[in-house]
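Here's a quick walk through the fold and its charged pairs. Pull up the model and follow along.

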Amino acid sequence: MASESRLYTFSPETQEKLRKFRLGTSRAKDPQAVVYQIDKHSLEIAQADDETYNNIQELAEDLPDHSPRFILISYPLTLPSGRLSVPYVMLYYLPVTCNAELRMLYAGAKELMRNTAEVGKVIEITEAEELETIEDKLGGAA
């Protein structure tokens with residue numbers, strides 16, 4: 001991880017947003033998600049926009065078709081035992097249509113993003129439609 005931390009950067013503001021999102025969603029009643037991207041020139045990882053998504057369908061519609069993204073998601077669900085669980089995971093969105101340069105850029109930053117965001121699990125998805133089955137993936141993981 002040492003080499004990634006020298007290559008990619010997080011601004012103090014981004015680090016604070018990551019911390020606040022992680023702490024603020026732990027008791028959420030609705031799904032919440034934020035999207036992060038890497039600036040190709042400065043190699044800074046930052047939130048793509050200031051939007052926090054509460055609707056998974058809306059998030060799926062807003063994802064780009066040809067560019068990877070890191071999506072932090074807190075998704076409340078009821079386990080088969082009846083207990084409420086709020087998994088905090090990172091979705092690594094890597095569309096099959098994105099170019100090799102972007103694939104390498106995001107692949108190199110995946111573990112750094114995972115560790116900085118302090119997520120419990122990384123789930124890889126290749127198309128936005130896979131967000132519709134995220135509850136199944138999280139339920140099976142919990």
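Contact here means heavy atoms within 4.5 Å. Axes are lines fitted to C-alpha atoms, for helices over the stretch in contact, and angles run from 0 to 180 degrees between N-to-C directions. Helices (H or I, at least four residues) and strands (E, at least two) are DSSP runs, numbered from the N terminus.

This is a predicted model, with local features needing pLDDT of at least 70 and side-chain atom pairs counting only at pLDDT 80 or more, while totals for chains, interfaces and linings use all residues. Residues are numbered from 1 along each chain as its sequence is written, and side-chain values use heavy atoms, leaving out hydrogens and water.

Start with the sheet. It's an open one with mixed pairing, built from five strands in the order β2-β1-β3-β6-β7; two strands pair if DSSP finds at least two bridges between them. The edges belong to β2 (45-47) and β7 (121-125), each with a single partner strand, so one side of each has no neighbour in the sheet. From one strand to the next, the twist averages 30°. Strand β1 (residues 32-38) runs antiparallel to β2, and three bridges join them. One pairing to look for is Q37 with A46 in β2.

Now the helices. Helix α2 (residues 12-24) lies across β1, β2, β3 (69-74) and β6 (88-93), at about 155° to β1. Helix α4 lies across β1, β2, β3, β6 and β7, and runs at about 175° to β6. G108 sits in α4, which spans residues 100-117.

On to the charges. A salt bridge is a side-chain nitrogen of Lys or Arg within 4 Å of a carboxyl oxygen of Asp or Glu, and by that rule there are seven. Three of them, including their N to O distances, are below.

| Pair | N to O distance |
|---|---|
| K17 and D50 | 3.2 Å |
| E124 and K110 | 2.7 Å |
| E130 and K137 | 3.0 Å |

K17 is in helix α2 and D50 in the loop between β2 and α3 (56-62), so this pair ties together parts 33 residues apart in sequence. Salt bridges with shared partners also join E13, K17 and D50 into one network.

How do these residues sit relative to the surface? Buried means under 20% relative accessible area, exposed over 50%, and partly exposed in between (1.4 Å probe, protein chains only). K17 is partly exposed at 29%, whereas D50 is exposed at 67%. E124 is partly exposed at 48%, while K110 is buried at 18%.
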